[in-house]
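Subject: Structure for you to look at

Dear colleague,

I am handing over the structure below, and after it I set out what was found, taking one topic at a time. Please keep the model open while you read.

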Amino acid sequence: MRARADYREPRPLGTAFVDDVLTGLRPGEPVRWTYPDHGVDVRLDLDDVYSHLVVYLPRRRTHFAVEPVTNVNDGFALHDAGVEGTGVFVLEPGESRSGTFTVSVGRV
């Protein structure tokens with residue numbers, strides 16, 4: 001994993017460009033980010049179907065994007081090539097799968 005996109009331990013987002021799919025989400029554990037200077041805490045709770053998280057931090061900007069996803073980029077091709085950990089799941093006829101996520105904002 002690239003150090004610039006390693007958020008397993010809480011740390012400031014920084015100013016480095018990040019456009020990565022993060023893996024290793026802990027089932028049942030929320031994704032959180034805080035703004036201590038403003039006393040704000042943002043929490044992303046997601047179902048286990050979301051095994052990956054896209055994080056995008058543009059250069060020299062004050063915003064970022066976080067998107068829960070079920071699979072890595074190009075997951076279908078990687079899955080077909082036998083790569084493990086893509087997050088791709090194959091549905092049989094009549095089968096379905098769904099998930100929800102919630103973003104909440106509170107005080108630190």
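A good place to begin is strand β1, residues 18-22, where the side chains alternate: Val 18, Asp 20 and Leu 22 point to one face and are buried, while Asp 19 and Val 21 point to the other face and are not buried. As background, side chains in a regular strand alternate between the two faces of the sheet. Please bear in mind throughout that this is a predicted model. Strand β1 is joined to β4 by 5 bridges, and the two strands run antiparallel; within this pairing, Val 18 stands opposite Leu 57 of β4.

Next come the aromatic side chains, for which a search of the whole structure finds 3 pairs. One of them is formed by Trp 33 and Phe 64, whose ring centres are 5.7 Å apart and whose planes stand at 80 degrees, so the pair is edge-to-face. This pair links distant parts of the chain, since Trp 33 is in strand β2 (residues 31-35) whereas Phe 64 is in the loop between β4 (52-57) and β5 (65-69), 31 residues apart. Phe 64 has a relative accessibility of 24% and therefore counts as partly exposed.

Another aromatic pair, also edge-to-face, is that of Tyr 50 and Phe 101, with 5.7 Å from centre to centre and 85 degrees between the planes. Here too distant parts of the chain are linked: Tyr 50 is in the loop between β3 (40-46) and β4, and Phe 101 is in strand β6 (residues 101-107), with their positions 51 residues apart. Tyr 50, at 13% relative accessibility, counts as buried because that value is under 20%, while Phe 101 is partly exposed, with a relative accessible area of 41%.

A ring is also involved where Arg 97 and Phe 89 meet, as the charged end of Arg 97 sits over the ring of Phe 89, 4.0 Å from the centre of that ring.

I turn now to the charged side chains. In general, side chains of opposite charge can pair when their charged atoms come close. How many salt bridges does the model hold? The count comes to 3 salt bridges, and I describe them in turn.

Asp 41, which is in strand β3, is buried, with a relative accessible area of 10%. The side chain of Asp 41 meets that of Arg 32 in a salt bridge at 2.5 Å, N to O, and Arg 32 is partly exposed, with a relative accessible area of 49%. If neighbours within four places in sequence are left aside, the residues in contact with Asp 41 include Arg 32, Trp 33 and Thr 34, as well as Ser 104, Val 105, Gly 106, Arg 107 and Val 108. Trp 33 thus appears in this contact list and also in the aromatic pair with Phe 64.

Glu 29 forms a salt bridge with Arg 26, with the closest N and O atoms 3.2 Å apart; Glu 29 is partly exposed at 41% relative accessible area, and Arg 26 counts as partly exposed at 43%.

Asp 45 forms a salt bridge with Arg 43, and the closest N and O atoms of that pair are 2.7 Å apart. Asp 45 counts as partly exposed at 27% relative accessibility, and Arg 43 is partly exposed with a relative accessible area of 30%.

With best wishes

Terms used:
Residues numbered from 1 in each chain as written. Predicted model: local features only at pLDDT ≥ 70, side-chain atom pairs only at ≥ 80, totals over all residues. Heavy atoms only, no water. Phe/Tyr/Trp six-rings, centres within 6.5 Å; stacked < 30°, edge-to-face > 60°. Helix = DSSP H or I, 4+ residues; strand = E, 2+ residues; numbered from the N terminus. Buried < 20%, exposed > 50% of the residue type's maximum accessible area, 1.4 Å probe, protein only. Lys NZ or Arg CZ within 6 Å of the ring centre and 35° of its normal. Contact = heavy atoms within 4.5 Å. Salt bridge = Lys/Arg side-chain N within 4 Å of Asp/Glu carboxyl O. Pairing = 2+ DSSP bridges.
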